[in-house]
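Open the model in your viewer and keep the selection tool handy. We will go from stop to stop, picking residues and looking at what surrounds them.

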Amino acid sequence: MQKIKIGFITVSDRASSGVYEDLGGPAMQQWIKAALVNEWQPVAKLIADEQTIIEHTLIDLIDNQGCCLVLTTGGTGPSKRDVTPEATIAVCDKVLDGFAEQMRAVSLKYVPTAILSRQVAGTRGSGLIINLPGKPSAISECLEAVFPAVPYCIDLIEGPFLETDKQIVKAFRPKHAKQKANE
């Protein structure tokens, strides 16, 4: 059975230099810990908001560390230093616009500034990358909105079979996919 690794990247100049505590990285890990019933291993990184560093970290987590899912937090706003979406797009084989559309739609229910968010998601090999907002409550709201599609997406890109705790989030798979997984 394939060992499940999930990457968590906090992109923040200030948190990576110790100016303030990283709250986004732990919030992502806590949400995944509650949502998945599989055993999995976290691979966490706290890095500066530099496109080259972000690209290298994404590539390393998927290509070398074998992460089937990489969640990022930070660097998705409109400021000049926010380059997480550009780095993500640069390393992805395919961009999955529906993730970003859904995250912004959900976030707009809470704050009008959600229209400033530039989160993206895409695949690289057998890994899925999802950019999340920086605020822990927004991370949770966005993951609740998009995670039902994550396990099946990972199935489609030939990653490991992820099972969710239905009390937290119910993963959607077509009936033929469920049958295939149980064979």
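In which helix is the place of Asp-97? Select Asp-97 and you will land in helix H5. Before going further, please keep in mind that this is a predicted model.

**First stop: helix H5**

Asp-97 has a relative accessibility of 49%, so it counts as partly exposed, since the exposed class begins over 50%. Now add Phe-147 to the selection: 50 residues separate it from Asp-97 in sequence, and the C-alpha to C-alpha distance is 14 Å.

Next, show all of H5, residues 97–108, together with helix H6, residues 136–146. Their axes lie 9 Å apart and the packing angle is about 130°. H5 and H6 are therefore oblique to each other, and H5 passes H6 in a right-handed crossing.

Stay on H5 and pick Leu-108, which also belongs to this helix. Its relative accessible area is 41%, so Leu-108 is partly exposed. Add Ile-115 and Leu-116, and you have a nonpolar surface patch of about 290 Å² made by Leu-108, Ile-115 and Leu-116.

**Second stop: the salt bridges**

How many salt bridges does a search of the whole structure find? The count is 5, and we will visit some of them.

Start with Arg-81 and Asp-13, whose side chains meet in a salt bridge at 2.9 Å, N to O. This pair links distant parts of the chain, 68 residues apart: Arg-81 is in the loop between strand E3 (69–73) and helix H4 (84–91), while Asp-13 is in helix H1 (residues 13–16). Both ends are partly exposed, with Arg-81 at 37% relative accessibility and Asp-13 at 28%.

Keep Arg-81 selected and add Glu-50: their side chains also meet in a salt bridge, 2.9 Å from N to O. Glu-50 lies in the loop between strand E2 (41–47) and helix H3 (51–64), so its pairing with Arg-81 ties together parts that are 31 residues apart in sequence. Glu-50 is partly exposed, at 34% relative accessible area.

Now move to Asp-63 and Arg-124, where the side chains form a salt bridge of 2.7 Å, N to O. Asp-63 sits in helix H3 and Arg-124 in strand E5 (residues 121–124), distant parts of the chain that are 61 residues apart. Is each partner buried or partly exposed? Asp-63 is partly exposed at 43%, whereas Arg-124 is buried at 18%.

For a last view, select Asp-13, Glu-50 and Arg-81 together: salt bridges with shared partners join them into one network.

Technical notes. Residues are numbered from 1 along each chain as its sequence is written. This is a predicted model: local features need pLDDT of at least 70, side-chain atom pairs count only at pLDDT 80 or more; totals for chains, interfaces and linings use all residues. Side-chain values use heavy atoms; hydrogens and water are left out. Patches are made of residues with over 30% relative accessible area and no salt bridge: like charges are joined within 9 Å, nonpolar side chains (Val, Leu, Ile, Met, Phe, Trp, Tyr) within 5 Å. Accessible areas come from the Shrake-Rupley method with a 1.4 Å probe; for residues, only the protein chains shown count as cover. A salt bridge is a side-chain nitrogen of Lys or Arg within 4 Å of a carboxyl oxygen of Asp or Glu. Helices (H or I, at least four residues) and strands (E, at least two) are DSSP runs, numbered from the N terminus. Buried means under 20% relative accessible area, exposed over 50%, partly exposed in between (1.4 Å probe, protein chains only). Axes are lines fitted to C-alpha atoms, for helices over the stretch in contact, and angles run from 0 to 180 degrees between N-to-C directions. Angles under 35 degrees count as roughly parallel, over 145 as roughly antiparallel, 65 to 115 as roughly perpendicular and the rest as oblique. A crossing is left-handed if the near helix is turned anticlockwise from the far one by less than a right angle, and right-handed if clockwise.
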